[in-house]
Amino acid sequence: NSPKNPHQGGVSLFFVAMVAKNELNDNFLEYFDESVEFRQHTDKVTDNLTGMYLIEFAMDSGQSGGVSSPEFLTKLESFGEWLEQQSEVLHVSILTDVFKRLNKNLHSDDESYYRIPEDRELAAQYLLLYEMSLPYGLDLNNQINVDKSATRVTAKLKTMTSKEVLDFEQRILGWFDDNAPELSTYGVSPTVIFSHLGMRNIKSMIIGTTIALVLISVLLIFALRSFKIGALSVVPNLLPVGIGFGIWGLLVGEIGLALSVVAGMTLGVVVDDTVHFLSKYLRARRERGLNSEDAIRYAFSTVGVALTVNTVVLVAGFLVLATSAFRVNSDMGLLTAITIFIALVADFLLLPALLMKIDRGQNESS
């Protein structure tokens, strides 16, 4: 019954501090376990052919027919060569390779002519000849727009995390700023889209859920008609999420799109446990006139079993989800189960100690 237990606070603070070991990151291909056929095939393709990830750029020359300009092609070639030197890139599909190959072929396959044509008109004739020689439906419309003012550059990438994709994107923008600011453009692809989406959603969910928990605790001040008890509810409401992510930081150290929703998913359960315990505690204090220790015993006797059964059922259900071969489900199920269990532990062990510490008076005035 003693409210003094420094070990509880110390352990809690340790795990909350471990939240900093988590890194906001995601790897969409690794959502699937290696036992899943799709994952096996994608790993095979990445290891032996080209990557499943890609990033594309619309390089605009700024003038009709500008894709045949030697100046534009030279800068385009420099960009392609820089891309090929990056460790993340497996293959680059770029128009300059077509021009260099044509220049070489039309000079008796002389290797010295494997370069960009020096004359714009000649380059345009090469391009026209090549397009006319292609079978129907296999033209260059997938690489060049209609008025031949812009071309597409495609870089196939290794399997990368969201953070690595975003870092790579920033390096690309840096290259444009330093070497060809007039051609600067953002890379596009589902890889880039979901990397930005994932990172933005992760940050928004974590910040939003934290704010929601604090606001709920503020509302509890009015609902419970006690500033002291309402303010105290912040601890058992926030602590389970903090400890849960702290444990995850020690075990895994990576928070992805799936885990960002755990705080929001567990919000209702965490707050529900706290409200039930505190409401019964205050009823005992106000209506029965019990002291703090006896009011806690009353709360345990009235809602303790219900909270325990509720937690066991939810934890068991989410642990079943944790066995999934799909990482979105398995990680979410495991961390949710951990958080819900910690919420019960906090309400049963830490909250009573805090109540006895700050609420020693014989009666609570309404």
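Which residue forms a salt bridge with lysine 163? In this predicted model, the partner turns out to be glutamate 23, with the closest N and O atoms 2.8 Å apart. Lysine 163 sits in helix H6 and glutamate 23 in strand E1 (residues 23-24), so the pair ties together parts that are 140 residues apart in sequence. Both ends get some solvent: lysine 163 is partly exposed, at a relative accessible area of 36%, and glutamate 23 is partly exposed too, at 30%. A little before helix H6 in the numbering comes threonine 161, in the loop between E4 and H6. Leaving out residues up to four places away in sequence, threonine 161 touches Asn25, Asp26 and Asn27. With a relative accessibility of 12%, threonine 161 counts as buried, because the cut-off for that label is under 20%.

That salt bridge is one of 12 in the structure. As general background, side chains of opposite charge can pair when their charged atoms come close. Another case is glutamate 111 with lysine 104, at 2.7 Å from N to O. Here the two partners fall into separate classes: glutamate 111 is exposed at 53% relative accessible area, while lysine 104 counts as buried at 17%. Lysine 148 and glutamate 131 also meet in a salt bridge, this time at 3.4 Å, N to O. Lysine 148 is in the loop between H5 and E4 and glutamate 131 in helix H5, so this pair links parts 17 residues apart in sequence. Lysine 148 is partly exposed, at 26%. Elsewhere, Glu34, Arg39 and Asp43 are joined in a network of salt bridges.

Lysine 148 turns up again around glutamine 63. Setting aside neighbours within four places in sequence, glutamine 63 is in contact with Arg120, Lys148 and Ser149. The side chains of glutamine 63 and arginine 120 share a polar contact of 3.2 Å. For serine 149, the C-alpha atom lies 5.4 Å from that of glutamine 63, although the two are 86 residues apart along the chain. Glutamine 63 itself belongs to the loop between strand E2 (53-60) and helix H3 (70-85), and is partly exposed at 39% relative accessibility.

Now for the inside. In soluble globular proteins, nonpolar side chains tend to be buried together. The largest nonpolar core here has 42 residues, and the members touching the most others are Phe57, Met59, Phe79, Leu83, Val153 and Ile172. Elements giving two or more residues to this core include E2, H3, strand E3 (89-93), helix H4 (95-105) and helix H5 (120-133). The top contributor is H3, with six residues. Isoleucine 172 touches Ile55, Phe57, Phe79, Trp82 and Leu83, not counting residues up to four places away in sequence. There is also a second, separate core of 20 residues, with Ala284, Ala299, Leu351 and Met356 among them.

Not every nonpolar side chain is tucked away. Phe14, Leu250, Leu251 and Val252 make a nonpolar surface patch of about 380 Å². Of these, phenylalanine 14 is found in helix H1 (residues 6-17) and is partly exposed, at 43%.

One backbone detail is worth a look. Serine 108 has a positive phi of about 60°, and aspartate 109 has a positive phi of about 55°, although neither is a glycine. Serine 108 is in the loop between H4 and H5, as is aspartate 109. Serine 108 is exposed at 71%, whereas aspartate 109 is partly exposed at 45%.

Key:
Residues are numbered from 1 along each chain as its sequence is written. This is a predicted model: local features need pLDDT of at least 70, side-chain atom pairs count only at pLDDT 80 or more; totals for chains, interfaces and linings use all residues. Side-chain values use heavy atoms; hydrogens and water are left out. Patches are made of residues with over 30% relative accessible area and no salt bridge: like charges are joined within 9 Å, nonpolar side chains (Val, Leu, Ile, Met, Phe, Trp, Tyr) within 5 Å. Accessible areas come from the Shrake-Rupley method with a 1.4 Å probe; for residues, only the protein chains shown count as cover. A salt bridge is a side-chain nitrogen of Lys or Arg within 4 Å of a carboxyl oxygen of Asp or Glu. Helices (H or I, at least four residues) and strands (E, at least two) are DSSP runs, numbered from the N terminus. Buried means under 20% relative accessible area, exposed over 50%, partly exposed in between (1.4 Å probe, protein chains only). Contact means heavy atoms within 4.5 Å. A polar contact is a pair of N or O atoms within 3.5 Å; within protein, one must be able to donate a hydrogen and the other to accept it, and residues adjacent in sequence count only if both atoms are side-chain atoms. A nonpolar core is a set of buried Ala, Val, Leu, Ile, Met, Phe, Trp, Tyr and Cys residues joined through side-chain atoms within 4.5 Å.
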